[in-house]
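Please look at the structure below and follow the chain slowly, one part at a time. The paragraphs after it begin with a turn and then move inward.

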Amino acid sequence: MNLLYLIIAIPAISAAILLLGGKATDAWGHLLGTAASIGAFVVGVIAFVDLLAGDEEALRQELFTWIDVRSFHVEFELLFDPLSSLFVLLITGVGSLIHIYSIGYMDHDPRRRRFFAYLNLFIAAMLMLVLSNDYLALFLGWEGVGLASYLLIGFWQHKTSAAVAAKKAFVVNRVGDLGMALAIMLMFTTFGTSEFEGVSEGVASATNATATALGLLLLLAACGKSAQVPLQSWLLDAMEGPTPVSALIHAATMVTAGVYLVTRSSAVYAESEIAQTAVIVVGLVTLLWGAIIGCARDDIKKGLAGSTMSQIGYMMLAAGIGPAAYAFAIFHLLTHGFFKANMFLGAGSVMHAMNDEVDMRRYGALRGVMPITFLTFACGYLAIIGFPGFSGFWSKDKIIEAAFGESIVVGIGALLGAGITAFYMTRMMIMTFISEKRWAKDAHPHESSLVMTVPLMVLAALSVFGGALLLNSWIVHWLEPVVGPEVHHELPLPAIVITLLVSAVVLVGAVIAFLTYGRKPVPSVAPARVSLLTAAARKDLYGDAFNEAAFMRPGQQLTRGLVAFDNHGVDGAVNGVAALVGGTSGHARRWQTGFVRSYALSMLAGSALIVLALLAVTLA
Amino acid sequence: MSVEPYLVLSALLFAVGAVGVLVRRNAIVVFMCIELMLNASNLAFVAFARQHGDLDGQIAAFFVMVVAAAEVVVGLAIIMTIFRTRRSASVDDASLLKY
């Protein structure tokens, strides 16, 4: 289909108009931005229907030759295959809902037009990322979303914390991008191409070491973008951005780009056991790490951010398991996109009502005043903890099942994560919507306007019914052309037992949360005397402290050392030579006495010397 | 005939001139000592010309005389000017041009 480029072009052009148009577009900027996102969604749906109805495995569109320098050849080609199609629908669909929501949320912001321009820029870059047919073009979108993320985290740049958070996100992402850049270079040197197909074919005949290196480099890139341990530290600070940004970029779409990258590179991971195990380890560690952080945070957005890390950990874990679970990684990615965007927007609605208060200890009993937000948030809540029948139940259950198929340790880790998820989400639910009022004196909560609640309702519906994608294993068959047919591992327990086990663990987690927070009043100030684990979780398990001690401080020491070496070593050598020459000449010029007779004496002595030398030569 | 006595005389005259340049302070005397050295070399030139039987040395001696005459003109003019401004003909007093 030759309209594929429109999916990217529409939001990109809209962003350009809004950014270049300046104040002239202030009045209708938000409408254009929203229309552009919906437009991209419509084209995406048309392409999807085309793909669904046609016999072809993928739609392609060659646009132009991007780079052509002797052996270095990159075609700019768009690829709309089953995997891309799901991403396009998620990005533009959820993106459009969040655009609509933002009209209401950013109503009072004087820079609303700019906000929509950045959102459109993000949508365009993200679509570039998932529609490219080449790692280099993917990198273009990859950096584009990083830029948009930076601009949007620091959108309220007058707050120092927001400016610092934006910078932090950018710097941490650079570490991951280094992996991506090196991976692309490695592809060029070993396979001579960075096209998906070329790399898949090349890696099949490459050495195991190459595949491992490629896999680990791509994993590093994925860790940066998807906030996985050890590059997780930026995501919690990224919550400084406006809430719709947190919902769209830091929950539903951009942070899942790492999972997309790993899934897209399935051929690489198929060749390397080590890289695959590394992905599993990263996923498992992150899912527990994020969940533990989520348990201790009182800031509702940071709690949700911890949860996002944890859920992406699940996706990474599934992607690491390989062909048995690629489809479930993407499935969980989609359902998570629905329910997490839903809950973030719900949190935004609550903040909107509570004068931008984010501390859950100042909420409580909001279910009465904000019924729509409460009900939609509850749908997201039930979906994320995996309440039977809700979308999260189907996707998470499949991942835990696959984890048990991989190994019993991984399975237990994933199971434990599900229990902790239930705990912290129940805690959040109780502290925000149930329990007693702990509002600030001047808080007058009210339900948000329809422009904000309608997207909530749509996302709530998707959170409830998103599991339908698994009907007849539709999503598994749909993704088969990209990630290969599903492989069944032998399970240590029957699948139904695992499902029951997951539900039981979830129930236990929820009950513990209820017993801890639901039966007695929640203190409105965080208690200072807490267990070591809680104290650690409040500090993000010392992730920042570690980075500071391991990288920042030594980095500062190194620069200080280099400055000292420069000042004393390099400058010292140069200045020393100059001083030596200066001092010597200072002494030497004393010979210039100004007395004619002393000059005459030196002339005579010199002449005599020459004569003697001549004599010596002649006589010798 | 042997030129040796002339050369010895030339060396002696040169030595006297050189010592005079080094030890005397009066610019006029220094000047005269320089003349003495120039003429000592002239004597050596002429003596060698005689020994070799050609005119090269004599021509060189003429050149030296011409240069010496020009030098005397310029040199005496400088000494006069210095004496007029500083009331002194000592070469050691004119030592401003130094480090």
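In this predicted model, β1(A) and β2(A) form a hairpin in which two residues lie between the strands, and A:R70, in the turn, has a positive phi of about 50°. The two strands run antiparallel and are joined by nine bridges, with A:R60 standing opposite A:L79 of β2(A). β1(A) is hardly covered, since the count of buried residues among its 11 residues is one.

Helix α1 of chain A, residues 4-21, has 18 residues and reaches 26 Å from its first C-alpha to its last, close to the 26 Å expected. The helix bends by about 25° at A:I10, and a proline, A:P11, follows within four residues. Among the buried residues of α1(A) are A:L4, A:I7, A:I8, A:P11, A:S14, A:A15 and A:L18. An α-helix has 3.6 residues a turn, so residues three or four places apart point the same way. What covers the buried residues of α1(A) includes both strands of the hairpin, β1 and β2, together with α2, α3 and α4 of chain A. Just after α1(A), A:G22 takes a positive phi of about 65°.

Where, finally, is the largest nonpolar core richest in mutual contacts? Of its 202 residues, A:F122, A:L127, A:L317, A:A318, A:I330 and A:A341 touch the most other members, and helix α15 of chain A, residues 326-353, gives the most to this core, with 17 residues. Leaving aside its neighbours within four places in sequence, A:I330 is in contact with A:L83, A:L86, A:T263, A:I475 and A:L479. A second, separate core of seven residues includes B:A27, B:V30, B:F31 and B:V91.

Conventions: Residues numbered from 1 in each chain as written. Chains lettered and ligands numbered in written order. Predicted model: local features only at pLDDT ≥ 70, side-chain atom pairs only at ≥ 80, totals over all residues. Core = buried A, V, L, I, M, F, W, Y, C linked by C-beta atoms within 7 Å. Buried ≥ 20, exposed ≤ 12 C-beta atoms within 10 Å, placed from the backbone. Contact = placed C-beta atoms within 7 Å. Expected span 1.5 Å × (residues − 1). Bend = angle between axes of the 7 residues up to and from the residue. Pairing = 2+ DSSP bridges.
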